[in-house]
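Work through the following exercises with the sequence and the model at hand. Each task is followed by a solution in steps.

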Amino acid sequence: MFDASANLKKRLKSERRFQIFCITAISFALIFVLILFLNIFSSGYSAFYKTTIAIDVDYSQVIEDTTQFAAMSDDEINKLDLFRFSKKSIYSLFPDIEDRKEKKLLIRIFSIEYEDEIKQFLIKNKENIKKIETVYLTASDDVDQVRKGNYPRDLPEERRRIKDIQLEYYDILENNGRVKYVFNIPFLTRGDSREPELAGVGGSIVGSFLTIITVLILSFPIGILAAVYLQEFAKSNRFTDFIEININNLAAVPSIVFGLLGLGIILNVFGLPRSTPLVGGIVLSLMTLPTIIIATRASLRAVPPSIREGALAVGATKMQAVMHHVVPLAMPGALTGTIIGLAQALGETAPLLLIGMVAFVVDVPSSPLDASASLPVQVYLWAESAERGYVEKTSATIMLLLGFLILLNLAAVLIRRKFETKW
Amino acid sequence: MNKIKISAKNIDVFYGDKQALFDVSMDMYEKEVTALIGPSGCGKSTFLRCINRMNDVIDICSVKGNVSIDGHDIYDKSIRVESLRESVGMVFQKPNPFPKSIYENIAYGPRIHGIANSKTDLDEIVETSLQKAALFDEVKDRLHQPGTGLSGGQQQRLCIARAISVNPEIILMDEPCSALDPIATAKIEDLMSELKKEFTIIIVTHSMQQAARVSKNTGFFHLGKLIEVDSTDTIFSNPGNQKTQDYITGRFG
Amino acid sequence: MMKDHIVSAYDAQLELVNSNLIKMGGLVEDQLRNSLQSLSNKDTSFAEQIIFDDHKINALEKEIDALTYKIIAMRQPLANDLRVVLSALSISNDLERMGDHATNIAKRVANVKINLPDAPTIEIVKMGEDVQFMIKQVLDSFVKKSDKLAIKAWDSDVNIDDSYLNIYRELLETMAGNPDTITGCSHLLSIAKNIERIGDYVQNIAEDIHFIVTGQALERKSEKRINWEEINQ
C-alpha cells in the first residue's frame, strides 16, 4: 500500500536532481570565493612584513658627547645634516669596498630614507643614546622581494634590477645575522610613497574612515527622516508615487554618474576642495541615501499596523505613535540598511576617481578637508604600478578592505540578531 | 434600562467608492454590554471603529452621519480625536501589547495625556489598571518584563488594562477573544461582567454564544446594514428577522 | 420553507429527531386504537401485542432523549432550533405518558374478568375515538409546523372534558341504580380517566408545537370549564 508508485519515484528522483543542482551551484560559489581569498591572501600577507638590515651607527661622530642629544629638540635633530654620516655608517658594513660604483650599489640595498631612519632612531632614543648603536634600516624593495622569495635569483643579471654584487652583500649580511624580518607597522600608518617599501595604507584608511563618517552623518538622519515621512505621513498621491519611483531609480543609477554629479556641482559650482573626504562623503551619501531610505521604509512597513493602532487607540497623536513605537521597532532594519549602504560606500571607487580622490597623497589626512586617498582607490592606484613590491601591497590593501567590509556586515548581522523582531 | 450613552444616526461609511455601511442607526446604553454580530465583512467592525474614529486613520475612508456620545457629536470639528480616544478605549482582535515592559505598556497612555503627576501616581495607575483587568496578581512580580512574554490571554488582558489606564468611559472590543483559547476567553468574559459596572462596553464578536453570554443588547449586521437590534434574549431565542434567525442558527449563505 | 444548515450533519440530526417523534406519535396512535378495539370488542388477544408495543414507545423516547442531549452538547442550538430540540424532549415525554395510558386501558380490559356494562363502554370508546382524532390532528400540526392546527387540537380537549364529565355522571347513575355494576363501572371510570389524561397530553403537545412555530407560549383559556357544582349535586 505504501510502495512508491512509478510517478512518486519519478518525483523523488527529480527532487534529488534538483538538490544536486543546488549543491553544485553553492559549491561553485564557495570555490570561487575560496580561490579569490586564497589568491589575495597568499600574495598579500607578506606585505605585512618587511626586511630590515642592522647597521652599526657611531653617533659619537655627530656629537662627541652623546648625552648632549637629550638636550636637543626633535626639530633641531631633524635639521642636522646626517647625509654623509649615514652613508659612512652604511659603508662601515663593508670597510673593504673602495670602488665608488660598488659603494653606490651597497647604499641601494637600503631604502632611500636611510638618513631619516637614522635620525628617527636618534630622536626616539635621544635620552640615553650610546656611542655606537645598532640601527635596523629598511631594506630596499628589491632586497625585500628577494628575502620574500618573490624575486628569482636565477635570471641573468641584465634582466633583473638587483645586481649580483648586491645579492652577494645581502647574503653576507644574512649570514652575519644582520637581516631581520619584522612586522611592517609603517605599512599601516604611513601614506603612499613612490618607493614600494615605504608605501603605506595609513593615509587611505584614515581617508576612507573620514569619508564614511561624512556619509554616516549626512545620509543617516536624512535617510531616516525621508523614509519616515514617506512611509508614515505622506498622503499617497501622484507626487509621492513620483518621489518613490525616483528613489528606486536612484538606487539603480551607476555610481560613476554620482561622481560626475560631484564633479559638476559640488566641485565646480559650490567650489568645495577637491580630493577631500568631505566631497567624497557627499557624493557617496547621494549613493547611499536610496539604500537607506528603501531599507528603512521596508522595515517601517514590516512593523505590524496593530502596534500603531494600539498607540492611536490610547489617544496618541500620529507622530507619537510613529516616534514612540513604530520607529524604534524599525530601527534595527534601518541600521542594517545603513550599514549595508556604508559598506557599499566603503568599497566604491568610480565616483571618487572623478572627484579627484585618486591623487597621489603622501600625507595622512587629519580632517575631512585634507586631500586624501581611500582604500579602494589605493588598490586601483597600486594595481597600476609596475614595481613588484606593489603587487603584494595591492593584495594586502584588498585584504584590509575585505576585512572592514566583513566587520561592517558582521555588525549588521549582530544588530539584526540583537533586536530580532519582538512583536 | 440605563440611559443612552452612544447614539449613532444614519451612519454611512465609504472606503473609496465602496460603501461599507448603509444608514446604520443604533443606540447603545450606559454601563451595559452591547454585542455586534454578523458574518465577516458585514461592517460590524467598521461600525465599531466609527465610535472612536479609528476609521480616520484610513485615508480613503469617509464617514457620513452622526455619532454622539452623551449628546456630543464626536465628528464635530471642535473635537480632538486624541481626547475622544482617551474616553473611548479600544481592544483589538489580536492582542497587541507594545514590545515594552508590562509597566510601560500601561504607563504609556497616562504619560502622553499627562494624567499622572508623579512616579507614585503612575505606579498607582498601573496597579489599579492591572487590578481592574484581573491581571495584577499574575504579573505583579514581573512588571518590568516584556509584555510580549505573557500568554495570549494575559496579553489581551494587558491590552484591556492599557485601555482602562486613561480612565475611559467606553471600551470598544473588536473580537477580543478570537485569538484565545476557551479558558482565556472565559477569563475575559468574566472580566467583562466586572467591567460593565464601570464602563460601557461594545463588543464585536464572531461567537454567538459569547454575544449571548456577555451582552444585554445585540445588533445583527449583514452586508453593511443593521438588520436587527434587540435585547440579547430575544435575538437568540426568537429573533424578529428571518436573516437574523438564519444567521444565529447556522443556516447562512 | 426553512433553509438548510451549513453543517449538513446538524440537519440530519434534527431530521432524525423529527422523524422519531412522528414515528412515536404514530405508535401511540396505534396503541390507543388497539386499546379501544380491545375494549369495544371485549377482545383480550391484543393485550400482549399492546404491551410489547409499549416497550417500543419507551425505547423511542430514550432514543429521542439521547439525540437531543447530543445535539445540545454538539451544536448549541439557538432560536427555532433550540425550541425544536427542547420541545422534542417534552413531546417525547408526553407521548410516552400517552402510550402508558393507552397500555393501561388494554391491560385493564385483559385483566378484568367480569362483564363491563355496555352502554357506558360505547360512550367511552366514542370519547377515545375523539382523542384519537386529536392525536392525529396534533401530529399533523407537528409535521406541517402549523400553529393553527395545534390550536385546533388544543381546543378539542374541551369536548373530551365534556364527554368525560358526562360519562362520569352516567357511571355514577348506573352505580347508584344497580350496586352490582359498581366494580365494572369503577374500571370504566379509570379507563375514561386514562383517555381524558391522553387528551390533556395532546394539549401539552399542542402547546409545544405552538412554541416551536411562534416562539411564544400558548396562552389560551378553555371556553368552557368543568362545572364542579353540577358534579357535586
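**Exercise 1. Domains of chain A**

Task: State which domains the assignment gives for chain A, and describe how domain 1 and domain 2 are placed relative to each other.

Solution. Step 1: In this predicted model, the domain assignment divides chain A into domain 1, residues 48–183, and domain 2, residues 202–418.
Step 2: The C-alpha centres of domain 1 and domain 2 of chain A are separated by 46 Å.
Step 3: Contact between them involves six residues of domain 1 and four residues of domain 2 of chain A.
Step 4: On the side of domain 1 of chain A that touches domain 2, two residues are nonpolar, two are polar and two are charged.

**Exercise 2. Confidence and a bent helix in chain A**

Task: Establish what the mean pLDDT of chain A is, and determine how the span of helix 14 of chain A compares with that of a straight helix.

Solution. Step 1: Chain A has a mean pLDDT of 88, with 99% of its residues at 70 or more.
Step 2: Among the elements of chain A, the highest mean pLDDT, 94, belongs to helix 1 (residues 6–44), and the lowest, 86, to helix 2 (residues 74–79).
Step 3: Helix 14 of chain A covers residues 318–346, and a straight helix of 29 residues would span 42 Å at 1.5 Å a residue.
Step 4: The distance between the end C-alpha atoms of helix 14 of chain A is only 37 Å.
Step 5: Inspection of helix 14 of chain A shows a kink of about 45 degrees at Val327(A), shortly before the proline Pro328(A).

**Exercise 3. Contacts among the chains**

Task: Determine which pair of chains shares the most contacts, and describe the sides of chain B that touch chain A and chain C.

Solution. Step 1: Two pairs of chains are in contact, and the pair with the most contacts is chains A and B.
Step 2: Chain A and chain C do not touch, and their nearest C-alpha atoms lie 32 Å apart.
Step 3: In the contact of chain A with chain B, chain A supplies 17 residues and chain B supplies 23.
Step 4: On chain B, the elements giving two or more residues to this side are helix 2 (81–87), strand 6 (88–91), helix 3 (102–113) and helix 6 (152–164).
Step 5: The side of chain B that touches chain A comprises 10 nonpolar, seven polar and six charged residues.
Step 6: Turning to chain C, 13 of its residues are in contact with 14 residues of chain B.
Step 7: Here helix 8 (208–214), helix 9 (232–237) and helix 10 (242–248) of chain B each give two or more residues, and helix 10 of chain B gives the most, with three residues.
Step 8: The side of chain B that touches chain C has seven polar, five nonpolar and two charged residues.

**Exercise 4. Composition and dimensions of chains B and C**

Task: Give the secondary structure of chain B and of chain C, and test the radius of gyration of chain B and of chain C against that of a compact globule.

Solution. Step 1: Chain B contains 10 helices and 10 strands.
Step 2: Chain C has seven helices and zero strands, in the order α-α-α-α-α-α-α from the N terminus.
Step 3: For chain B, a compact globule of 253 residues would have a radius of gyration near 18 Å, and the value of 18 Å agrees.
Step 4: For chain C, the expectation for 233 residues is near 17 Å, and the value of 19 Å agrees with it.
Step 5: Along the principal axes, the C-alpha trace of chain B spans about 55 × 45 × 35 Å, while the C-alpha atoms of chain C fill a box of roughly 70 × 40 × 25 Å.

Terms used
Residues are numbered from 1 along each chain as its sequence is written. Chains are lettered from A and ligands numbered from 1 in the order in which they are written. This is a predicted model: local features need pLDDT of at least 70, side-chain atom pairs count only at pLDDT 80 or more; totals for chains, interfaces and linings use all residues. Domain bounds come from an automatic or database domain assignment. Two residues are in contact if their C-beta atoms, placed from the backbone, lie within 7 Å. Ala, Val, Leu, Ile, Met, Phe, Trp, Tyr, Cys and Pro count as nonpolar, Asp, Glu, Lys and Arg as charged, and the others, Gly among them, as polar. Helices (H or I, at least four residues) and strands (E, at least two) are DSSP runs, numbered from the N terminus. The expected span of a helix is 1.5 Å times one less than its number of residues. The bend at a residue is the angle between axes fitted to the seven residues ending there and the seven starting there. pLDDT is the predictor's confidence in each residue, from 0 to 100. The radius of gyration is taken over C-alpha atoms; the globule rule is 2.2 Å times the number of residues to the power 0.38.
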